[in-house]
Amino acid sequence: MCEANAYLYENGQENLILESVDKVVPSGTEVYLQNIFGQQKTIKGRIKELLLVDHRIILERFTPQE
């Protein structure tokens, strides 16, 4: 299987936001996620890190001053 779990990095911690993600679409200041069950989430943020061997997607909130 090629799915990954998506986590939101906040306050030094990674919080699980969606399991079994198989579609990730970054667009400007948002990241769209969809999993194998059809669940969808759009996060106002960006991709911080992809750990493909570990099946992990780490996102962080977008902050305009960066």
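**Notebook: hairpins, core and Glu 30**

I began at the turn between strand 4 and strand 5: these two form a hairpin with four residues between them, and His 55 in the turn has a positive phi of about 60°. Note to self: this is a predicted model.

Next I checked the pairing behind that turn. Strand 4 and strand 5 run antiparallel, with six bridges. Glu 49 has Ile 58 in strand 5 as its bridge partner.

Then I went one hairpin back. Strand 3 pairs with strand 4 (residues 40–51), also antiparallel, over five bridges. I found Leu 33 bridged to Lys 41 in strand 4. Four residues sit between the strands in this hairpin too, and there Gly 38 takes a positive phi near 90°.

I looked up the largest nonpolar core and got 11 residues, among them Leu 18, Leu 33, Ile 43 and Ile 57. Strand 1 (4–10), strand 2 (13–27), strand 3 (30–35) and strand 5 (56–61) each give two or more residues to this core. Nonpolar side chains tend to be buried together in soluble globular proteins.

I picked Leu 18 for a closer look. Leaving out residues up to four places away in sequence, Leu 18 touches Ala 4, Asn 5, Ala 6, Leu 33, Gln 34, Asn 35, Gln 39 and Lys 41.

Last stop was Glu 30, in strand 3. Buried or exposed, I wondered about Glu 30? Neither: Glu 30 counts as partly exposed because its relative accessible area is 37%, between the 20% and 50% cut-offs. With the same sequence neighbours left out, Glu 30 touches Val 25, Thr 42, Ile 43, Lys 44 and Gly 45. I also took the C-alpha separation from Glu 30 to Asn 5, 25 residues apart along the chain, and got 17 Å.

How values were computed. Residues numbered from 1 in each chain as written. Predicted model: local features only at pLDDT ≥ 70, side-chain atom pairs only at ≥ 80, totals over all residues. Heavy atoms only, no water. Core = buried A, V, L, I, M, F, W, Y, C linked by side-chain atoms within 4.5 Å. Buried < 20%, exposed > 50% of the residue type's maximum accessible area, 1.4 Å probe, protein only. Contact = heavy atoms within 4.5 Å. Pairing = 2+ DSSP bridges.
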